Amino acid sequence: MDTFEGLLHRSAHTYDASCTDAAHHGKSGKQPAMTRSAGFESPEAASAPRKTLEKIMKIVVIGGTGLIGSKVVKNLRGRGHDVIAASPASGVNTITGEGLSEALAGANVVVDLANSPSFEDAAVLEFFTTAGKNLFAAERAAGVQHHVALSVVGTDRLAQSGYFRGKIAQEKLIRESGVPYTIIHSTQFFEFLGGIAQSGGDGQTIRLSPAYFQPIASDDVGAAVADYAVEAPRNGIVEIAGPDRVRLADMVQRFLDATHDSRKVVADTGARYFGAELNDDTLVPGANPRLGALNFDAWFSQSQAAR
Ligand SMILES: NC(=O)c1ccc[n+]([C@@H]2O[C@H](COP(=O)([O-])OP(=O)(O)OC[C@H]3O[C@@H](n4cnc5c(N)ncnc54)[C@H](OP(=O)(O)O)[C@@H]3O)[C@@H](O)[C@H]2O)c1
């Protein structure tokens, strides 16, 4: 695993992550098998107990109460890091700036997992632009050494969508911030399938694109984000995706059937994805993404068992 050597001088302690694997990966102590991009660990090495001494860091997770944020906070705390779960609920607001400089004081890493409360076009753009400006002013003042953000596979191909114009603006601010960074592009979460269904219309029949995508479980996303947060900044984009490439309309129908929802999906090549036209390449990752372990069936049984 890449270690974040540049942070050594600010790290008071080291921690052998192999000692408490059970605490990080559930009662079984098994780490989910994840595959890694070419040039990083082999799948075997990625699933083997960690031998690397991980430097203990102060890590601020913006949006630390959200779906992915709460998993990342739990994972990093389990590895011994000093983690702040920052969100308006805990008095840290990237839009008003409230609590930002206090939360970031002495922080090594900031992980931005916030999302816009409104998905209306202008509101999303305003959210990611204002949040990015406030966040980077505070990060530069605090001397933060690594900014990690979660975005979406294909963001640059989705500019017809107001939501994705917001994500494009967020990524531009990251690249121009002067703070070393890693942008993680994830495919759609399985947890978002209901939202995608909702986007296809109000009635009994919904229209969705049959374009390919490669959905991933939020547990796998959380584990990947936590790993990248403690590694060296890539100053570029890494991609993560689920194990199977499937057609979006088919997967949403499968989700509706599994949840005993009687709505029917009509595959429509002209149906837009949150305002953007899709083709079979738009939502899928490039070569060698890091792959999540959970396929739809495994995710669905796990999510049902947790209810
Ligand atoms: N959905 C997908 O399939 C998908 C795929 C790829 C990437 N992503 C990206 O993943 C990221 C995280 O998504 P998610 O589903 O985990 O989000 P989420 O569950 O909606 O959580 C959003 C978080 O943002 C926080 N937040 C809202 N306004 C804030 C503000 N002004 N200042 C600080 N924090 C604020 C919320 O805090 P409170 O709880 O206090 O309101 C909450 O913790 C998003 O950037 C999204 O673009 C999503």
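**Ligand shell, helix packing and a few single residues**

The residues of the shell around the ligand divide into 14 nonpolar, 11 polar and one charged. Here nonpolar takes in Ala, Val, Leu, Ile, Met, Phe, Trp, Tyr, Cys and Pro, charged takes in Asp, Glu, Lys and Arg, and polar is the others, Gly among them.

Before going on, the provenance. This is a predicted model, in which local features need pLDDT of at least 70 and side-chain atom pairs count only at pLDDT 80 or more, while totals for chains, interfaces and linings use all residues. Residues are numbered from 1 along each chain as its sequence is written.

Back to the ligand. There are 26 residues around it, and those that come nearest are Gly-63, Gly-66, Leu-67, Ser-87 and Ala-114. A residue is near a molecule if its C-beta atom, placed from the backbone, lies within 6 Å of it. Two elements give two or more residues to this shell, helix H3 (67–78) and strand S6 (146–152).

Now the protein overall. It has 10 helices and 13 strands; these are DSSP runs numbered from the N terminus, with helices being H or I of at least four residues and strands being E of at least two. Of the 307 residues, 43% are buried. Buried means that 20 or more other C-beta atoms lie within 10 Å of the residue's own, exposed means 12 or fewer, and partly exposed is in between, with C-beta atoms placed from the backbone. Among contacts with a separation of 6 or more, 81% are between residues 24 or more positions apart. Two residues are in contact if their C-beta atoms, again placed from the backbone, lie within 7 Å.

Next, helix pairs. Two packed helices are described by the angle between their axes and the distance between the axes. The axes are lines fitted to C-alpha atoms, for helices over the stretch in contact, and the angles run from 0 to 180 degrees between N-to-C directions.

How do H3 and H8 cross? Helix H8 covers residues 218–230, and its axis comes within 8 Å of that of H3, crossing at roughly 55°. That angle makes H3 oblique to H8. On the cut-offs, under 35 degrees is roughly parallel, over 145 roughly antiparallel, 65 to 115 roughly perpendicular, and the rest oblique. The crossing of H3 past H8 is right-handed, meaning that the near helix is turned clockwise from the far one by less than a right angle, with anticlockwise being left-handed. On the H3 side the contact is made by Leu-67, Ile-68, Lys-71, Val-72, Asn-75 and Leu-76, and the H8 residues they meet include Ser-218, Asp-219, Val-221 and Ala-229. By class, this contact has nine nonpolar, three polar and two charged residues. Leu-67 therefore turns up twice, once among the residues that come nearest the ligand and once in the H3 contact with H8.The second pair is helix H5 (residues 121–142) and helix H6 (residues 162–175), which pack at an angle of about 15° with their axes 7 Å apart. H5 and H6 are therefore roughly parallel to each other. H5, too, passes H6 in a right-handed crossing. The residues of this contact divide into eight nonpolar, five polar and four charged. Among those from H5 are Phe-127, Phe-128 and Phe-136, and H6 supplies residues including Tyr-163, Arg-165 and Leu-173.

Now some single residues. Is Leu-76, in helix H3, buried or exposed? Leu-76 is buried, with 27 other C-beta atoms within 10 Å. Not counting residues up to four places away in sequence, Leu-76 touches Ile-59, His-81, Val-83, Ala-226 and Ala-229. Its C-alpha atom is separated by 9.1 Å from that of Ala-223, 147 residues away along the chain.

Val-109 sits in strand S5 (residues 109–112). It has 26 C-beta neighbours inside 10 Å and so counts as buried. Leaving aside neighbours within four places in sequence, Val-109 is in contact with Met-57, Ile-59, Val-144, Gln-145, His-146, Val-148 and Ala-229. Val-109 and Val-230 are 121 residues apart in sequence, and their C-alpha atoms are 8.1 Å apart in space.

Last, the loops. The loop between H8 and strand S10 (236–241) holds Asn-235, and Arg-234 is found there as well. Arg-234 has 17 C-beta neighbours inside 10 Å and counts as partly exposed. The C-alpha atoms of Arg-234 and Thr-182 are separated by 5.1 Å, with their positions 52 residues apart along the chain. Asn-235 has phi near 50°, a positive value in a residue other than glycine, and is partly exposed, with 13 other C-beta atoms within 10 Å.

Asn-288 lies in the loop between strand S12 (264–267) and strand S13 (290–291). Its phi is near 55°, again positive in a residue other than glycine. Asn-288 is partly exposed, with 14 other C-beta atoms within 10 Å.
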